[in-house]
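Visitor: I would like to learn how to read a structural model of a protein chain, beginning with the whole and going on to single residues. Could you take me through it step by step?

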Amino acid sequence: MENLIFSLNATVPVFLMMILGVLLHKIGWIDDAFASKMNQFVFRVPLPLLLFGDLAKVDFVKVWNPRFVLFCFVVTIISIFISAMLSFLWKDKTIRGEFIQASYRSSAAILGIAFIQNIYGTSGMAPLMIIGSVPLYNVMAVLVLSLFRPGQSGLDRTVLMKTMKGIVTNPIILGIAAGLLWSAFGIPMPRVVDKLVTSVAGMTTPMGLIAMGAAFDIRKAFAKMKPAVTASLIKLTGFCGIFLPAAVQLGFRREELVAILVMLGSATTVSCYVMAKNMGHEGVLSSSVVMLTTLFSAFTLTGWLYVLRSLNFI
């Protein structure tokens with residue numbers, strides 16, 4: 001019971017915040033345009049500052065873990081390969097690109113950090129997990145969506161170069177890099193700066209989750225049901241079942257293991273839908289998987305946390 005309460009305390013507040021966003025959207029206090037602006041603001045300002053602040057105030061040598069980053073990178077590559085193989089189960093070639101992307105691409109930043117913060121009070125190993133997985137998420141998403149785009153016969157190099165530039169200038173990546181450099185050079189954090197960073201960073205979780213909830217549309221979850229359910233099962237349970245035991249065997253524990261769980265088993269990121277639409281895909285499958293995984297990850301993440309807690313791994 002104690003382990004179950006621990007798991008519920010980690011997940012329920014996160015999803016209650018998302019439900020608040022749903023309710024605020026329902027009564028008209030937040031519209032789609034405002035929710036989109038909130039998402040952009042969180043992505044560009046509070047989230048990078050949160051990651052910067054957590055890394056800048058710790059010992060660089062203790063924080064940097066190349067073994068952990070390499071594990072996240074390799075697991076992401078294998079996950080993409082598995083998703084690509086499974087995409088050939090569908091005769092409809094037009095949905096393969098969306099299926100692959102939606103199956104592997106997690107909401108590792110906002111939703112993931114919310115879980116880790118809720119458990120440990122800081123972003124923990126999330127910044128290093130993001131370094132190991134998120135740039136690869138973006139590059140591979142462009143490759144996959146270009147190669148499998150309806151009517152596409154080759155890779156769109158222009159889009160690929162634009163994405164590479166976007167990764168280099170990504171606010172999250174810049175925040176992590178700035179935090180690691182600040183820590184590595186041992187620069188003291190002035191109290192005024194620390195207060196400012198902490199105050200702005202504190203908006204990350206509530207604003208990000210409310211915006212996600214406000215953008216949620218349950219009606220879209222029922223389109224393209226079979227491939228959407230398959231991709232959702234892979235996203236929420238398949239990769240966790242394969243790679244969590246491997247992570248445990250390699251000795252990852254506590255914040256490391258929770259960050260890996262978030263990378264593997266959190267909901268599919270909303271940007272999957274945005275990118276699919278902008279690259280010539282229908283987008284219905286992507287939106288369906290986003291909705292289904294967001295809805296059911298409340299239960300699956302609680303279950304995974306309960307198992308890991310019961311086995312004393314976190």
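Guide: What follows goes from the chain as a whole to its helices, its cores and some single residues. Please keep in mind throughout that this is a predicted model.

Visitor: How many helices and strands are in the chain, and what percentage of its residues is buried?

Guide: The chain has 16 helices and 0 strands, and of its 314 residues 51% are buried. Its accessible surface amounts to about 14,600 Å², and carbon and sulfur atoms hold 69% of that area. If one takes the contacts with a separation of 6 or more, 85% of them join residues 24 or more positions apart.

Visitor: How should I read the length of a helix, taking helix 2 as the case, and what span should its 13 residues have?

Guide: The idea is to compare an expected span, at 1.5 Å a residue, with the distance between the end C-alpha atoms; for helix 2, residues 32-44, the expectation is 18 Å and the end C-alpha atoms are 18 Å apart, so the two agree.

Visitor: Which residues of helix 2 are buried, and which exposed residues does the face turned away from them carry?

Guide: Ala35, Met38 and Val42 are the buried ones in helix 2. Because they cover an arc of only 60° around the axis, they lie on the same side of helix 2. The face turned away from that buried side carries Asp32, Ala33, Lys37 and Arg44, which are exposed.

Visitor: How does helix 14 read by the same steps, and how many of its residues are buried?

Guide: Helix 14, residues 254-265, has 12 residues and reaches 16 Å from its first C-alpha to its last, close to the 16 Å expected. Of these 12 residues 10 are buried, so helix 14 is largely enclosed by the rest of the structure. The buried residues are Glu256, Leu257, Val258, Ala259, Ile260, Leu261, Val262, Met263, Leu264 and Gly265.

Visitor: Where does Arg254 lie, and what is notable about its phi?

Guide: Arg254 is in helix 14, and its phi is positive, at about 45°, although it is not a glycine. With 45% relative accessibility, Arg254 counts as partly exposed. Asn312 is another residue that has a positive phi without being a glycine, in this case of about 60°. Asn312 sits in the segment after helix 16 and is exposed, with a relative accessible area of 66%.

Visitor: How do I read a nonpolar core, and which members touch the most others in the largest one?

Guide: In soluble globular proteins, nonpolar side chains tend to be buried together. Here the largest nonpolar core has 74 residues, and Met129, Leu257, Ile260 and Leu264 touch the most other members. Helix 8, residues 126-147, gives the most to this core, with 11 residues. Apart from this core lies another, of 7 residues, including Ile30, Ala35, Met38 and Ile210. As for Leu257, its contacts beyond four places in sequence are Leu244, Ala247, Val248, Phe252, Leu308, Phe313 and Ile314.

Visitor: How far apart are Val142 and Met279 in sequence and in space?

Guide: In sequence they are 137 residues apart, whereas in space their C-alpha atoms are 8.5 Å apart. Val142 is in helix 8, and its relative accessible area of 1% makes it buried.

Visitor: Are Thr76 and Ser297 buried or exposed, and which residues do they touch?

Guide: Thr76, in helix 5, residues 66-87, counts as buried at 4% relative accessibility. Leaving aside neighbours within four places in sequence, Thr76 is in contact with Gly132, Ser133, Leu136, Tyr137 and Met263. Ser297, in helix 16, residues 284-310, counts as buried at 0% relative accessibility. With residues up to four places away in sequence not counted, Ser297 touches Phe15, Leu236, Ala267 and Thr302.

Visitor: How many disulfides are there, and what are the relative accessibilities of Cys72 and Cys240?

Guide: The rule is that two cysteine sulfur atoms must be within 2.5 Å, and by it the count is 0 disulfides. Cys72 is buried, with a relative accessible area of 0%, and Cys240 counts as buried at 1% relative accessibility.

Methods. Residues numbered from 1 in each chain as written. Predicted model: local features only at pLDDT ≥ 70, side-chain atom pairs only at ≥ 80, totals over all residues. Heavy atoms only, no water. Helix = DSSP H or I, 4+ residues; strand = E, 2+ residues; numbered from the N terminus. Expected span 1.5 Å × (residues − 1). Buried < 20%, exposed > 50% of the residue type's maximum accessible area, 1.4 Å probe, protein only. Arc of directions from axis to C-beta. Core = buried A, V, L, I, M, F, W, Y, C linked by side-chain atoms within 4.5 Å. Contact = heavy atoms within 4.5 Å. Areas by Shrake-Rupley, 256 points an atom, 1.4 Å probe, with all protein chains shown as cover.
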